[in-house]
Amino acid sequence: MPEQFVMPPHKRPTDETLSQAGLAAGLTLLRQDPAWMANVTAWYEIAAQKPQWADWPAELDERLTRMLAEQGIVRPYTHQAEAVARVLAGEDIVVVTPTASGKSLCYHVPVLQELLHNPTHRTLYLFPTKALAYDQLTLLQRLLAALGLGKAAASFDGDTPAGDRAGIRRNARLILSNPDMLHTGILPNHYAWREFLSNLHYIVIDEVHAYRGVFGSHVANVLRRLLRICAFYGTHPQFICCSATIANPDELCARLIGRSVGLVERSGAPRSKRELVLVNPPVTNRELGLRRSALQEARGIINTLLNEDVQTVAFTLSRSASELLLAHLRRDALAAGREPEQIRGYRSGYLPSERRAIEAGIRSGAVRCVVATNALELGIDIGGLDAAVLVGYPGTIASAWQQLGRAGRGERLSAGFLVAAPYPLDQYIATHPDYLTGSSPELGLVAPDNRHILLNHLRCAAYELPFRQDEQLAGEETSELLNILAARREVQSAGSTWRWIGQDYPASFSLRTSDSFNVSIIASQGEERQTIGWVDRPSAQFMVYAGAVYVHNGQQYLVDELDWPAAIAYVHPVDVDFYTSVSRTSRVEIQRVAEQDEQPEFSLAWGDVLVTTRVTGYRRIKMSTQETLGWGTVDLPEQQVATTAFWLCLQPELIERLAAEGWWLGEQVSDRGPSWPVQRDLARKRDGYRCTACGAPERPGAQHHVHHIVPFREFGYVAGANDFHLEANRLANLTTLCPACHRQAEQNTAVADTLSSLGRVLANLLPLYLMCDPSDLGVSTDLHAPQTGKPTLFVFDAASGGVGLSQATMECFSRVLTGAQELVESCLCSAGCPSCIGPGSAADSNAKERVLHLIAALRVRQA
């Protein structure tokens with residue numbers, strides 16, 4: 001709800017003076033604790049900002065301005081007035097202002113104006129979540145009632161009762177929905193919606209920054225289909241969009257809707273004074289780079305605030321973390337003499353009635369602390385709390401500020417805490433806080449013309465309306481793709497049109513994946529079995545292999561079996577303190593070079609590739625410390641995906657120079673575990689006591705060396721702490737080499753290991769710029785890539801066909817390389833850890849230095 005709305009008296013019974021005093025006292029207690037302050041990497045005092053007012057456009061209906069004044073909005077903020085004026089002038093716009101700045105009025109006001117003046121006109125609202133649509137529906141109904149317009153608005157989504165749907169289609173003038181329902185329920189049945197669509201005047205798209213990557217690429221095509229059907233019914237609707245702060249909101253909007261938009265970005269909303277604190281939990285094991293749990297660190301901060309009666313929201317990254325923190329805080333409250341019932345959880349999986357009750361409790365002040373997942377992030381009306389604590393970086397700067405923005409209202413003091421987890425991106429943000437407080441570097445990227453995505457939507461469009469021969473829904477590829485569908489007997493040329501003749505319902509695929517073939521996930525509990533979801537087949541090998549921990553709606557499930565031919569994963573619910581991460585081998589074959597930048601000692605390029613991947617095993621990793629708890633094996637067939645990649649090639653001159661400087665010596669491991677002597681001799685015997693590279697036999701009194709194919713340090717063996725030497729010393733991972741070949745192999749291993757380490761750092765930092773998840777990127781290294789013949793690092797787009805990440809990686813490579821250097825240099829571990837280059841080994845003390853020297857060489861040549 002916009003800040004300028006007057007809150008009814010019953011909403012805040014708590015004495016606000018006491019609340020502010022409590023927050024000041026809590027912050028003072030934290031500042032006066034030297035041990036805690038040692039972990040603070042930044043403490044910002046962000047000054048309050050006074051509101052900047054304007055006048056409503058003169059053409060606004062007097063009934064509307066009077067109603068708004070009665071609601072407490074006598075004058076708009078400057079950005080609201082600008083947005084409304086530009087919409088009324090017929091312009092497509094995107095509004096980009098902070099959380100709680102009243103963005104929703106930017107679209108509600110022109111929509112209500114149209115409703116008053118053109119009774120037949122309709123508006124379609126699109127929200128990324130049903131909860132956000134429900135919240136805006138509540139506000140809309142309140143405004144409509146004040147205007148005497150009754151129930152002109154209705155939501156239409158998967159939860160809408162079947163008996164209500166026909167009435168909503170006929171009578172609602174404002175429909176609130178989501179892209180998924182538009183895709184599967186409205187567009188394929190557009191004839192039933194003809195009255196609504198033939199009068200559609202506005203399309204409102206809120207939270208535009210959420211429509212990126214594969215999902216955004218699908219949504220762009222859904223909007224193409226919508227506009228095509230609107231044109232068939234004779235309408236050309238206008239767009240009103242809103243977004244969180246990202247680097248390219250107008251560009252993202254233009255890609256989504258297919259035309260340019262005007263940008264409204266100068267906020268006139270007030271901002272409360274805010275204390276912003278970044279906390280990095282203390283190191284508990286410097287050698288391994290292990291830190292205290294972010295959850296435990298946040299727990300201490302929250303208890304300090306609650307002891308001073310500061311109303312607080314805590315955001316966690318998963319349902320299991322949310323439930324664990326909630327349990328801890330309730331026990332702590334009981335021990336401190338506070339009411340445990342005043343601390344509530346909020347996440348997906350709660351019934352709508354439970355959520356509404358919790359939201360009401362937060363607004364009234366009865367709930368003093370809410371522990372939430374990102375279900376509370378997007379625009380739900382809970383007013384403004386006094387403090388927000390983020391347990392781990394939520395993945396994007398936009399999400400971080402939406403969560404931090406839950407604290408603060410008007411000009412009251414508020415506080416925000418970001419407690420860094422041990423992940424590389426968290427560690428980079430903790431040590432480079434300017435990325436959080438400065439202008440956003442994040443790009444919202446979509447690729448509507450991704451061939452895999454485009455073909456599916458072309459099928460839907462043909463089902464919805466016959467294609468004219470001259471239509472260009474898919475641009476220049478339209479004719480070619482229609483011929484492909486004709487060959488599949490799904491469309492047929494009929495005179496001047498193409499008509500759908502397929503037997504299936506083409507809009508049955510998900511908007512969250514670029515692949516239309518899915519693996520079903522079936523959960524068993526006792527005798528009961530239930531399908532809880534699905535994943536696309538390319539992702540299944542990484543997410544639901546036997547032994548994997550799969551998370552659905554925040555609940556953990558252990559995968560018992562993946563039946564690949566039947567496309568079914570069988571799982572059962574568990575509650576464990578670890579997650580799983582796959583080990584994979586990838587081969588990348590370059591198909592086409594789109595762009596190349598040749599430097600004296602290296603080259604950069606991006607283009608089309610074919611990636612062949614096989615999952616070979618997985619690690620169980622402790623959530624709180626990132627320690628590797630164990631290994632498992634996976635036996636699945638190879639998978640191929642045509643996508644795009646960015647690649648870095650090292651020229652021989654660079655390798656020779658770094659080798660001459662002593663940075664390609666390979667790892668020096670003194671302890672390979674108790675299994676090593678026996679396995680070493682077995683490997684020599686198996687190989688006939690000959691070098692497997694050159695064939696040289698052992699000489700009397702001089703044994704050959706035995707080389708680890710996958711470097712020993714990759715397995716994370718710690719003497720006395722685990723038995724990972726057994727996996728590292730498997731015969732399949734060992735090969736016999738003469739000393740000369742072994743020296744070359746060790747240098748090659750060092751090069752490959754260093755490139756792999758650099759790839760890990762880059763893949764973990766790139767989401768800061770590309771607004772993607774690390775899992776959206778794959779990394780592969782090849783000492784002698786077939787097409788380049790040189791050591792090559794590939795960073796490829798995991799989605800079939802790619803969604804623009806590879807090209808963007810090349811464009812921001814220089815900045816990401818600088819960030820990689822800063823991250824590795826600032827990490828306190830001795831020889832590599834999960835927070836920087838990957839699991840390290842004290843025996844290989846040069847691992848980090850090799851990465852840093854490679855980065856330095858690349859940066860010098862790029863400067």
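**Exercise 1. What covers the buried residues of H8?**

Before starting, note that this is a predicted model, where local features need pLDDT of at least 70, side-chain atom pairs count only at pLDDT 80 or more, and totals for chains, interfaces and linings use all residues. Residues are numbered from 1 along each chain as its sequence is written, and side-chain values use heavy atoms, with hydrogens and water left out.

*Step 1.* Helices (H or I, at least four residues) and strands (E, at least two) are DSSP runs, numbered from the N terminus.

*Step 2.* Pick out the buried residues, meaning those under 20% relative accessible area (exposed is over 50%, partly exposed in between; 1.4 Å probe, protein chains only). In H8 these are Pro179, Met181, Leu182, His183, Gly185 and Ile186, so six of the eight residues are buried and the helix is mostly covered.

*Step 3.* Look for contacts, that is, heavy atoms within 4.5 Å. The cover includes strand E3 (122–126), H7, strand E5 (174–177), helix H10 (213–232) and helix H18 (451–464).

**Exercise 2. Classify the aromatic pairs Phe156 with Trp193 and Phe646 with Phe813.**

*Step 1.* Rings of Phe, Tyr and Trp (its six-membered ring) pair if their centres lie within 6.5 Å; planes under 30 degrees apart are stacked, over 60 edge-to-face, and the rest tilted. The structure holds 17 such pairs.

*Step 2.* For Phe156 and Trp193, the centres are 4.8 Å apart with 90° between the planes, an edge-to-face pair. Phe156 lies in the loop between strand E4 (153–155) and helix H7 (162–171), while Trp193 lies in the loop between helix H8 (179–186) and helix H9 (194–197), 37 residues apart. Phe156 and Trp193 are buried.

*Step 3.* Now try Phe646 and Phe813: 5.2 Å centre to centre and 40° between the planes make this pair tilted. It links strand E28 (residues 639–650), home of Phe646, to helix H26 (residues 805–826), which holds Phe813, 167 residues apart. Both Phe646 and Phe813 are buried.

**Exercise 3. Count the disulfides, then look at Cys253 and Cys772.**

*Step 1.* A disulfide is a pair of cysteine sulfur atoms within 2.5 Å. By this rule, the count is zero.

*Step 2.* Cys253 is in no disulfide, with the nearest cysteine sulfur, that of Cys241, 4.0 Å away. Cys253 is buried, at a relative accessible area of 1%.

*Step 3.* The closest cysteine sulfur to that of Cys772 belongs to Cys812, 9.6 Å away, which is too far for a bond. Cys772 is also buried, with a relative accessible area of 10%.
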